[in-house]
Amino acid sequence: MNPALSVIFLTTLIGIGQGLFLALFTQQSYALFDLLPHQDARFYGWGSLLALLFTMAGLVASFFHLGRPERAWRSAAQWRTSWLSREVIVLPAFMGILFLYGASHLSGLDPVLVTLPSGLGINATVILGGIATMLAFALFVSTGMIYACLRFLQEWHTPLTVINFILLGGASGFTLATLYAAILAPAQTGFLGGWAIIITLLGLLGRSSSLWRNARLRPKSTLQTAIGIKHPRIVQTAQGAMGGSFSTREFFHGKKASFLHAIKPAFMVLAFGIPLPLLLISMSQPSVWLLGAIFILQYTGLLAERWFFFAEANHPQNLYYQTIG
Amino acid sequence: MTQLALVIDLNVCVGCHACVTSCKEWNTSGAAGPLCDENPYGADPTGTFLNRVQTFEVGQYPNTETVHFPKSCLHCEDPPCVPVCPTGASYKRKQDGIVLVDYDKCIGCKYCTWACPYGAREIDEKQKVMKKCTLCVDRIYDTSLAEIDRKPSCVKACPTSARLFGDIHDSESAVSQAIRENGGYALMPEWGTHPANHYLPRRKTHLKIHEDELERADNPLKVDGKLPKPSKSEPTLDDVTSW
Ligand code: SF4
Ligand code: SF4
């Protein structure tokens with residue numbers, strides 16, 4: 001496939017937003033059970049607004065993907081069958097609840113709504129955070145399933161696609177949360193950094209598995225099934241257009257195979273290889289500058305990862321578009 | 001249930017692109033607006049086409065065969081491109097099985113093209129909506145056209161009659177018979193899309209001779225034969241005429 005910048009930015013930016021929110025709410029949940037000190041409301045509030053900014057940036061990027069953005073509202077119609085439609089519904093829902101969650105923290109409007117038998121009071125932000133957590137996961141699943149549900153794209157048609165969307169979004173979000181904590185609540189850097197390391201490790205595992213899997217795929221479609229002629233040697237001599245067509249632009253990344261080979265180790269190093277040891281170092285010596293650099297490096301790696309994710313997928317329609325003629 | 005479809009006979013297709021040009025002509029002139037082209041006369045021409053003829057070489061020289069292969073939307077019976085569309089712009093008609101795009105609803109997200117294994121859809125780069133073969137839905141039901149013209153434009157244009165059009169769910173239709181009797185097959189059966197369009201393979205060529213080709217209807221001798229013949233008992237011309 002030909003990776004579209006708009007979609008690369010959409011999927012990576014909302015991933016950071018979701019991950020950052022999940023990190024904040026994880027801390028709040030621990031604090032609810034007195035496992036960690038409860039932070040100032042501003043910590044959660046400004047953090048969730050930062051997460052909101054990332055999801056908004058992703059949303060803006062997504063509009064560049066549409067030919068007719070003015071009709072975007074129509075895309076919520078087919079939620080019964082289309083994962084894209086589901087994403088279109090869940091993304092604003094997540095953003096809305098995320099906003100309420102942050103606003104509730106910042107405005108101090110955070111009444112205890114339910115008291116558990118144990119005497120534990122459940123605040124409005126906990127309930128909002130719980131809903132937003134479910135929506136964040138629903139959004140990860142919708143985004144991942146947009147790709148995983150396409151059975152012709154064998155590279156994507158695996159649960160690993162969804163798992164990796166969750167893990168990679170989570171990794172970048174938790175890394176950002178660690179940086180955020182280093183600025184606003186240095187005492188929490190260790191906790192969030194620890195989670196960032198765990199999720200980045202899981203991401204490394206998940207992404208390596210899908211790379212391993214995809215390297216062993218055998219394409220189901222061949223030129224023989226594509227045109228229905230059972231002969232071992234078939235060559236295309238003309239594709240019906242001399243100047244290229246939509247089918248040659250949309251489904252080929254247009255880069256050399258060597259570029260594809262080079263970008264794979266590059267993103268593995270940037271997204272996992274460098275951030276992991278640096279995160280470990282910053283566990284003992286938290287430094288805002290170092291964490292900032294880790295976040296930027298990892299995000300760059302994840303951008304390259306997403307580019308490769310698209311470029312690697314080989315669409316069966318390409319069988320019909322091999323020779324200009 | 002009706003499922004309209006094309007049956008394309010690879011045995012007689014000569015790769016002349018007449019179907020491509022007539023498709024383009026018809027569909028660029030319709031109510032839905034043009035099928036836009038870019039740089040049509042420039043160095044790098046490209047444009048929107050609903051039908052393309054490709055060419056493949058089968059076999060190893062010198063035992064090769066050139067196969068011309070027209071390709072358009074196959075109007076799959078289980079079209080994967082339809083459920084993925086977020087707006088409902090892509091749909092399959094119940095009454096005749098034609099898969100269509102509602103150009104007024106399409107947001108140009110291109111997701112449907114990812115879901116079509118055949119590369120049968122092309123975005124119109126100017127109008128920014130998805131275009132694909134409509135089986136000339138604006139011709140085949142048009143009662144202002146003569147009955148014989150209510151066929152897809154490509155079918156009308158094909159000089160070798162390589163394109164048949166009809167209902168593949170009607171077992172007595174010409175298309176069903178052609179599929180049945182000539183080994184008609186579907187493309188990429190491995191994906192379970194059940195394309196409605198079928199292809200007829202290369203096969204032994206049969207010469208079809210029509211009655212009026214065996215005996216010329218306008219044979220001058222036959223025309224003479226139709227002149228009144230006097231009976232044997234009647235006087236001949238010589239009997240009644242003195243020369
Ligand atoms: S050929 Fe492609 S566009 Fe046409 S119905 Fe089948 S999947 Fe959809
Ligand atoms: S490009 Fe148009 S027809 Fe295709 S999936 Fe998007 S909205 Fe539907």
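This is a guided tour of a predicted model, with selections to make in the viewer and a note on what each one shows.

**Stop 1: the contact between the chains**

Begin by colouring chain A and chain B separately. Select the residues of each chain that touch the other: chain A gives 60 residues to the contact and chain B gives 54. About 4700 Å² is buried between the two chains, and carbon and sulfur atoms account for 58% of this area. On the side of chain B, pick out B:Ile107, B:Trp114 and B:Trp191, the residues of that chain that lose the most area to chain A. Together these three make up 19% of what the side of chain B buries.

Now look at the polar part of the contact. Between chain B and chain A there are 33 residue pairs in polar contact, with both residues at pLDDT 80 or more. Which elements of chain B give two or more residues to the side that touches chain A? They are β4 (51-60), β5, α2 (111-115) and β8 (122-123). The largest share comes from β4(B), which gives nine residues. Sorted by kind, the residues of chain B on this side are 28 nonpolar, 14 polar and twelve charged.

The count of salt bridges between chain B and chain A is three. To see one of them, select A:Glu250 and B:Lys110 and show their side chains; the N to O distance is 3.7 Å.

**Stop 2: strand β4 of chain B**

Keep chain B in view and select residues 51-60, which are β4(B). Is this strand largely enclosed or largely open? Eight of its ten residues are buried, so β4(B) is largely enclosed by the rest of the structure.

Add residues 234-238 of chain A, which form strand β3 of that chain. This strand and β4(B) run antiparallel and are joined by four bridges. Two places to check are A:Ile234, which stands opposite B:Val58, and A:Gln236, which stands opposite B:Phe56.

Next, add residues 63-72 of chain B, which are β5(B). The strands β4(B) and β5(B) pair in the antiparallel sense over ten bridges. They form a hairpin, with two residues between the strands. Zoom in on B:Gln60 and B:Asn63, which stand opposite each other.

**Stop 3: salt bridges within the chains**

Over all chains, the structure holds 16 salt bridges. Stay on β5(B) and select B:Glu65 together with B:Arg202. These two form a salt bridge, and their closest N and O atoms are 2.7 Å apart. B:Glu65 lies in β5(B), while B:Arg202 lies in the loop between β11 (198-200) and α6 (211-214) of chain B, so the pair ties together parts that are 137 residues apart in sequence. B:Glu65 is partly exposed at 38% relative accessibility, and B:Arg202 is also partly exposed, at 27%.

Go on to B:Asp124 and B:Lys131. Their closest N and O atoms are 2.9 Å apart, and the two residues form a salt bridge. Are these residues buried or exposed? Both B:Asp124 and B:Lys131 are buried.

In chain A, select A:Arg207, A:Glu305 and A:Arg306. Salt bridges with shared partners join these three residues into one network.

Then select A:Arg42 and A:Asp40, whose side chains meet in a salt bridge with an N to O distance of 2.8 Å. A:Arg42 has 53% relative accessibility and counts as exposed, whereas A:Asp40, at 43%, counts as partly exposed.

**Stop 4: two residues of chain B**

Select B:Val7, which is in strand β1 (residues 4-9) of chain B. Its relative accessibility is 0%, so B:Val7 counts as buried. Which residues is B:Val7 in contact with, leaving aside its neighbours within four places in sequence? They are B:Ala162, B:Arg163, B:Leu164, B:Val175, B:Ile179, B:His198 and B:Leu200. Draw a distance from B:Val7 to B:Ile179: their C-alpha atoms are separated by 7.6 Å, although the residues are 172 apart along the chain.

For the last selection, take B:Lys94, in the loop between β6 (90-92) and β7 (99-101) of chain B. B:Lys94 counts as exposed, with 75% relative accessibility. Add B:Gln3, which is 91 residues from B:Lys94 along the chain. The C-alpha atoms of B:Lys94 and B:Gln3 are separated by 8.9 Å.

Technical notes:
Residues numbered from 1 in each chain as written. Chains lettered and ligands numbered in written order. Predicted model: local features only at pLDDT ≥ 70, side-chain atom pairs only at ≥ 80, totals over all residues. Heavy atoms only, no water. Salt bridge = Lys/Arg side-chain N within 4 Å of Asp/Glu carboxyl O. Buried < 20%, exposed > 50% of the residue type's maximum accessible area, 1.4 Å probe, protein only. Contact = heavy atoms within 4.5 Å. Buried area = accessible area lost by both parts, 1.4 Å probe. Polar contact = N/O pair within 3.5 Å; in protein donor to acceptor, adjacent residues only side chain to side chain. Nonpolar A, V, L, I, M, F, W, Y, C, P; charged D, E, K, R; others polar. Pairing = 2+ DSSP bridges.
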